[in-house]
Amino acid sequence: MGIILRLSNVTKRFGLVRALDNVSLEVREGEVVGLLGPNGAGKTTLIKVSLGLMRRDSGLVLLNGLDPYVDPSARAGVSVIFERPSLPDSLRVKDLLFHVARIYGGGLDDVRRAVKLAGLEGHEWKKFSELSAGLKQRAAIAHALLANPRFIVADEPTSNLDPVERLRVLELIATLNRDEGITFLISSHVIPEVTRVSSRLVVMSRGRVVASGSPSELLYKNPVARIRCSDPEKLASMLEASGFNVRVEGYNVLVEVREGDYGALLELLTIASRNGVFLMNVDFIGATLEELLSSGDST
Amino acid sequence: MTLPSRLLVAISIALVISSIVADLYGARLESSYKNTIPVGPGTTLFLGVSSLTSSGRVRVEVDGATNMYYMRLTGDPYTLVQQFRALNLNVSASRPQFDLRAGVVYVVALIQASPAIVQALSLLGEVIPVVQAGGSTSVVEARLATGDNVVVIVTEASKPVVNVRVSYSVEGYSRLTPLQTMLASLAIVAVATLLELARRRLT
Amino acid sequence: MSSWTGGLSRAYHVLYIDVSDVLRPPGLDVLVVLLAMLGAILVSIQPVTSPIIASRIALDPTLIATALFLAIRSSAGLATLIQNGILSVYLTYPIHKVTVAVILFVSRVVIPSALILATPLATILILLGPTLYKGLDVILGMYLAFLFQSTLYGSIFILIAVRVKSQATSGILSVAAYFTYTALNLILTGIGGAMGNDVVRRVGEALYLPDIAYYAYSNLDHEVWQLTLVPTLTILVLVTYLAYMSRRFEVL
């Protein structure tokens, strides 16, 4: 897999604040990379520097093998969806998309395809301001698709959407990655959303990359099993007796599970079930963003 | 609507409204000025006719002048009196009368000066003596381009007062009649409509 | 398609999108109707026979309105474009940043100025056609003088906008810059005249190109260099703007 975006030791300062501090990152073709971090971690700055929209103070940025700050052709085949979807409002969406398609050498067929892929059909004759938040995001995605992109950078693409629209946008991103082979770099501060679509996560804090890896490596290395049952006290005492670290929250028993503990845990649950503890649900909870950041800080 | 269509419609609206205003309060092609001015010994009368925005033909008739001259000056008519002051002439009275609808201004100035003032004025331009055309009336006729001034100078009079009559007729001005303007507006709106229809067929 | 024509085509489509924003209805429409009407009324309530005078009467008030339009719609509008992220979208297109800067200058300064100033002239040319057609060349010359003056104002305004990046601040600063410039023109002319300092007076006069064009066409006292001051200032401001956009400008 070829590398689409490479950042090596990139630093960007705003006055005395280091928005990016010696950041290195690679995005390979076909990946969906989730950029995680709290507000102010430097995600948006990283995206803007990666696209050449902002200067960097030091380090190397190569987009499609070219420096995007110097050479705009580095952005060929690259599209962006910004946090607040914002497109010119004076034209109807379809007219706007037509002119954008022409910028990329396309035409009306490309507009129809983008509108269909983004699920914007039936709304393309409206002006951008007349669209709902979800449709605005879809319009921004349709706009991004006009570049026939190999790579889409999405800065918090779900941040202004309601839960239903969030899900739809994430499904759209997953579909575009799966069916069209488009590579994504998606920033967010909501772990479940990013893990839904990402093949790799990069965690940022205070301008630095503090952790990176696959979602299972990062989030489910030491997960917590949440067991909902009819007699949590009885189950907790059985697990504690076997050496598990346990706490009870209402009808839930939370158990820290380390690698190699899964077999023992399943055996104990089977025994408990035979001894009259009715098991209603078992799920594994990944690490929270705070836990990821603290684990990153400690490394 | 496309931008060209919007601008064409804007022009047609402006044309219709301005044509109505012009018809009610628009330019006049004739203007006149009459005055009786006391001219004592040692006082020289200046009468300036300045075309502000128009061009046309002026005729100045003065009754009772025994020594009269005229000269032509170009430039800003408002500075006429200032030009006299620049020659250290004592301007005792000056009163401009504007006729904006004819695009002309009449300026009367009385200056404390001897008849030798004519020599000083020759610094500003050629001073031409006016011969009385029978009786006691002196006449000056001139064609004025926009920004031109004709100045009549009376250094001596046979009576304590002189009668001044000025008539000015505008030349070279015409504008569309309200009917023509209306037709032009309709034609412009038709062009705008055609442009709009053509655009819709193309897209 | 060669890369040059391809680049031109891309630039055209970005220009189209941005012009649609700057000249969106109804602001422009109301303005041009009022200005065309004002110009036409002013030249028809007096028998204007001189093309020079007619163009001045129609364009002097239009220029003030154009400057204020540029301050609000172009300068503050450009800052809004920066604030709401649309400029970032433009910059993600495969077009060089300097090209985007030139497009913004054309769409937010040159085109609005050219259209707003042309509308009253077109109206008076129709209304007073028989009187004015003989002086079309003079009218065109006066139009260009006003257009250069407006372009200078607009260049200053968009430089302010990309520097401060705030809608309200750039709007206020642009209006302030316009009045400061106008005051400078009057003060220098007045002081130069009062003190008998010919250089100061002429510099003051030359800050308003339509005056100098009027003097030139009317064979009134002027010097050739006075005709070049406003174009020179425009080029200087424009070069500063382009240099700032290509070297220092960053999106928010």
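**Helix packing in chain C and a sheet in chain A**

The crossing of H3(C) and H8(C) is right-handed; the model is predicted.

Trainee: What makes H3(C) roughly antiparallel to H8(C)?

Mentor: Helix H3 (residues 51-83) and helix H8 (residues 167-195) of chain C pack at an angle of about 155°, with their axes 8 Å apart. Angles over 145 degrees count as roughly antiparallel, so H3(C) is roughly antiparallel to H8(C).

Trainee: Which residues make the contact?

Mentor: H3(C) contributes C:Ala67, C:Leu68, C:Ala71, C:Ile72, C:Ser75, C:Ala76, C:Ala79, C:Thr80 and C:Gln83. From H8(C) come C:Gln167, C:Ser170, C:Gly171, C:Ser174, C:Val175 and C:Tyr178.

Trainee: How do the residues of the contact of H3(C) with H8(C) divide into nonpolar, polar and charged?

Mentor: There are 8 nonpolar and 7 polar residues, and no charged ones. Gly counts as polar, so C:Gly171 of H8(C) is in the polar group.

Trainee: Turning to chain A, why do strands S11 and S13 stand at the edges of the sheet?

Mentor: The open sheet has 4 strands in the order S11-S12-S10-S13, with antiparallel pairing. S11 (246-249) and S13 (279-285) of chain A each have a single partner strand, so one side of each lacks a neighbour in the sheet.

Trainee: How do you know that S10(A) and S13(A) pair?

Mentor: Pairing needs at least two bridges, and 6 bridges join S10 (residues 224-229) of chain A to S13(A). The two strands therefore pair, and they run antiparallel. In S13(A), A:Val282 is the bridge partner of A:Ile227.

Trainee: Which strands does helix H8 of chain A touch?

Mentor: H8 (residues 232-241) of chain A packs on the sheet and touches S10, S11 and S12 (252-256) of chain A.

How values were computed: Residues are numbered from 1 along each chain as its sequence is written. Chains are lettered from A and ligands numbered from 1 in the order in which they are written. This is a predicted model: local features need pLDDT of at least 70, side-chain atom pairs count only at pLDDT 80 or more; totals for chains, interfaces and linings use all residues. Axes are lines fitted to C-alpha atoms, for helices over the stretch in contact, and angles run from 0 to 180 degrees between N-to-C directions. Angles under 35 degrees count as roughly parallel, over 145 as roughly antiparallel, 65 to 115 as roughly perpendicular and the rest as oblique. A crossing is left-handed if the near helix is turned anticlockwise from the far one by less than a right angle, and right-handed if clockwise. Two residues are in contact if their C-beta atoms, placed from the backbone, lie within 7 Å.
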